[in-house]
Amino acid sequence: MLGAGFFAGAQGRVSFDEGWRFFPGDDSLALTPGYVEDSWRQVDLPHDWSIEGAFNEKNSSGQGEGGLPTGVGWYRKTFSVRDLADRKVYIDFDGVYRNSTVWINGHYLGRRPNGYISFRYELTPWLHTGGGNVIAVRVDNSAQPNSRWYSGSGIYRHVWLETKGVDAIGQWGVFVTTPVAERSRSVVRVNIKLAAPAKAGEKIRLLLWDSAGRIAASGGGALTAGDSVVQRELSFKNVSLWSPVRPYLYRLEVRLEGGKTLLDKDDVMVGVRKFRFDMMHGFFLNDHLLKIWGVCLHHDEGALGAAVNTAAIRRQLKLLKEMGCNAIRTSHNPPAPELLDLCDRMGFLVMDEAFDMWLKKKTKNDYSKDFAEWHERDLSDQIRRDRNHPSVILWSIGNEIREQFDSSGMTIAPELREIVRCWDTTRPITSALTEMDTTKNFIWRSGALDVMGLNYNQGKYDSVPILFPGRPFIGSETMSALATRGHYDMPSDSMRHWPVSSKEKYATGNPDYTVSAYDNVSAYWGSSHEETLKEAKKYPWVSGIFVWSGFDFIGEPVPYPWPARSSYYGIIDLAGFPKDSYWLYQSEWTAKPVLHLFPDWNGHTGEVKDVWVYYSQADEVELYLNDSSLGVRRKEGDAMHVWWRVNWRPGVLKAVSRKAGKVVLTEKVETSGDAARIQLAADRRVMSGDGKDLVFVTIRITDAAGRFVSDAADAVRVDVSGAGRLAAMDNGYQADLSGFHANPHKTYNGLCLAVIQAQKKSGEVLVRVSGQGLQPAVLKLECR
């Protein structure tokens with residue numbers, strides 16, 4: 001065990017997440033090896049201390065970052081090593097937010113201000129063989145505000161310890177491209193940077209394995225003494241190409257050998273694909289036209305905060321995949337490596353974004369203060385780390401950068417382009433711009449962009465070839481439509497901008513801080529979902545769009561003041577429950593039959609409700625109330641939904657879609673009685689007993705007959721026994737200040753989420769959910 005035992009000096013890379021001590025405060029003596037840390041809390045990484053705190057508008061992070069605490073924190077870990085002869089030991093941090101400083105045995109290793117970048121330090125010269133080695137990390141997130149959204153605080157991504165020989169492959173030293181990508185024959189080109197010049201007798205051996213564990217190609221060859229960078233190629237036939245529909249991956253094994261001895265090895269997952277952007281016809285993948293239907297994602301995982309968890313990211317991507325989404329924009333920073341790994345495996349295209357600001361600030365203490373000193377190193381490290389992912393198709397050098405408005409954009413943008421091109425010449429470069437007047441947009445004028453990225457301005461899509469000649473185009477950020485899941489304001493056929501303009505900081509809105517889910521509310525700079533979707537579909541030169549945003553996220557709670565503390569933009573709410581617009585996208589972005597009827601059918605005498613239906617793979621929809629037809633509707637022109645205005649009566653509202661007169665789908669909503677029962681549904685029943693894996697349990701309130709109670713606000717308590725524990729709870733309501741660790745936790749509009757985390761053991765996990773006046777429910781899970 002690394003925290004208490006020995007780290008064998010044998011070559012390899014191992015997790016260094018377990019057995020840390022954490023102190024939420026500052027103590028300058030904590031860097032010293034002999035410091036007494038007995039009172040510090042034991043934590044395993046990844047760890048985000050901000051999410052553990054209480055929402056408070058007086059916290060220095062402010063409402064924009066969700067009003068959660070920040071400050072300074074220290075981490076320490078004691079470990080032992082042995083057998084270090086002729087070997088080097090490195091520590092790799094996937095990401096620390098922010099301003100991290102690291103010491104080994106009291107020796108200063110360095111600092112990294114950027115909270116989203118991965119970095120490495122060598123430990124070898126200062127290690128003590130046998131034991132008592134102390135790694136100390138100070139994290140300083142006290143200078144606030146420094147972000148426009150929730151960032152989290154701490155060592156919130158994974159940490160690794162890697163041991164290598166002197167003769168080794170350099171960090172991120174393997175770069176794989178596919179200059180020929182055809183099913184009949186493909187070429188995999190491998191560039192390798194060695195950590196030290198090659199010695200006589202050393203060689204490179206390449207093995208390309210298919211998904212069935214068979215060798216698809218092999219090659220390599222002897223190295224010339226003194227080589228530090230080498231290139232080799234593999235050619236093979238009967239190739240499986242990578243695409244979002246079939247994300248086929250090969251595994252490339254790169255071996256550095258000296259005689260019969262393996263000196264070092266690196267494995268790279270390879271997706272064989274080719275793509276191009278065409279300025280008039282859009283995006284082509286493997287010579288097939290493909291519309292990029294994407295979303296923007298911030299890095300938080302809802303109630304879990306910023307601490308990286310693969311199961312949580314997988315759940316987000318699975319929901320988006322089922323919606324028809326095929327692309328992710330990493331807004332507005334380098335993502336966790338796990339996100340890109342999953343995008344490779346699950347089939348998403350990625351716009352990999354670097355910066356939210358350059359030298360001109362957006363918040364008082366943001367990265368603009370560090371840009372001049374660190375941008376070259378940070379951008380280089382991002383490109384080198386991420387360039388082997390087949391999912392990555394675009395490098396974005398910035399989001400809504402303020403230098404687009406002055407001449408400094410003419411010099412900085414080309415400099416960033418050259419940094420990218422130093423490490424990767426195979427992918428186009430973009431930036432998410434806002435200025436439509438090209439005479440005033442200095443980033444556009446710099447000529448640094450291969451693809452024009454534009455945020456919003458959907459009303460100008462028809463003029464893109466004239467306004468931005470000579471460059472392909474993508475809607476890099478769109479919509480900013482607002483909604484609260486399960487809340488509906490009448491009438492539904494009038495569009496509202498909340499706030500109305502830049503002169504108004506907040507909207508008057510609703511007293512309970514809700515926003516209607518009818519898709520008729522957006523921020524003043526944006527649009528409804530349907531409005532921009534229609535424009536994107538209409539013009540072939542729009543290669544695609546990225547919707548703002550895929551999920552609600554903590555912070556940036558436009559359009560409301562406190563106590564609103566998380567965003568309203570998501571197609572899916574913070575708890576992972578889809579809003580109604582989810583089915584709009586599913587009806588437009590997939591080929592599956594869709595029928596979604598809303599709103600709920602609880603009401604009062606005299607109430608009038610607008611009833612909407614999203615549908616696809618059908619000609620028409622007929623609506624029934626208590627088996628009486630309310631008429632047939634068909635989408636006319638470019639309409640994406642049909643609707644009725646209905647006088648409410650209790651009973652059953654039913655929609656039936658038909659194609660050529662035959663029923664395709666039927667859906668109904670019913671008037672419910674009082675809340676009486678709890679229903680539980682898990683996204684899966686088995687999880688790994690590794691102490692990290694998660695199961696997401698949906699808590700649903702029904703009446704005695706099992707009908708969903710759409711306005712239920714019951715407090716529910718979750719008790720977990722066996723090989724699991726309760727990690728967090730959430731209900732998706734943007735102004736709920738009860739905190740993600742509150743238990744009991746109120747449902748919102750009938751739903752609540754419980755996140756169950758595995759312990760480090762196998763066995764049964766029993767989840768019992770109860771509430772006053774409600775019939776409890778029990779769910780059995782298993783850890784293996």
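## A helix with a kink

Helix α3 covers residues 368-386, and its end C-alpha atoms are only 23 Å apart, where a straight helix of 19 residues would span 27 Å at 1.5 Å a residue. That expected span is 1.5 Å times one less than the number of residues, and helices here are DSSP runs of H or I with at least four residues, strands being runs of E with at least two, all numbered from the N terminus. There is a bend in α3 of about 80° at Trp 374; the bend is the angle between axes fitted to the seven residues ending at a residue and the seven starting there.

As for its surroundings, 14 of the 19 residues of α3 are buried, so the helix is largely enclosed by the rest of the structure. Buried means under 20% relative accessible area, exposed means over 50%, and partly exposed is in between, using a 1.4 Å probe and protein chains only.

## Ground rules

This is a predicted model, so to speak with conditions attached: local features need pLDDT of at least 70, side-chain atom pairs count only at pLDDT 80 or more, and totals for chains, interfaces and linings use all residues. Residues are numbered from 1 along each chain as its sequence is written, and side-chain values use heavy atoms, with hydrogens and water left out.

## Rings meeting rings

Searching the whole structure turns up 42 aromatic pairs. Rings of Phe, Tyr and Trp (the six-membered ring for Trp) pair if their centres lie within 6.5 Å; planes under 30 degrees apart are stacked, over 60 edge-to-face, and the rest tilted. One of the pairs is Phe 16 with Phe 79: the centres are 5.1 Å apart and the planes stand at 90°, so this is edge-to-face. Phe 16 sits in the loop between β2 (12-15) and β3 (20-23) while Phe 79 belongs to strand β5 (residues 71-81), so the pair ties together parts 63 residues apart in sequence. Phe 16 is buried at 0% relative accessibility, and Phe 79 is buried too, at 1%.

Then there's Tyr 524 with Trp 525, edge-to-face because the ring centres are 4.9 Å apart with planes at 85°. Tyr 524 is partly exposed at 33% relative accessibility, and Trp 525 is partly exposed at 28%. Elsewhere, Tyr 488, Tyr 518, Phe 598, Trp 612 and Tyr 614 make up one aromatic cluster.

## Charges over rings

Phe 16 has another partner: the charged end of Lys 77 sits over its ring, 3.8 Å from the centre. The cut-offs here are NZ of Lys or CZ of Arg within 6 Å of the ring centre and within 35 degrees of the ring normal. Arg 276 does likewise over the face of Phe 284, at 4.2 Å from the ring centre.

## Two open sheets

Three strands make an open antiparallel sheet in the order β32-β33-β36, where strands pair if DSSP finds at least two bridges between them. Its edge strands, each pairing on one side only, are β32 (594-598) and β36 (642-647). β32 runs antiparallel to strand β33 (residues 608-616), joined by five bridges, and Leu 595 stands opposite Tyr 615 in β33.

The other open sheet has four strands in the order β15-β14-β17-β18, again with antiparallel pairing. Here β15 (215-222) and β18 (261-270) are the edges, each pairing on one side only. Strands β14 (residues 202-209) and β17 (residues 250-258) pair antiparallel over eight bridges, with Leu 207 opposite Glu 253 in β17.
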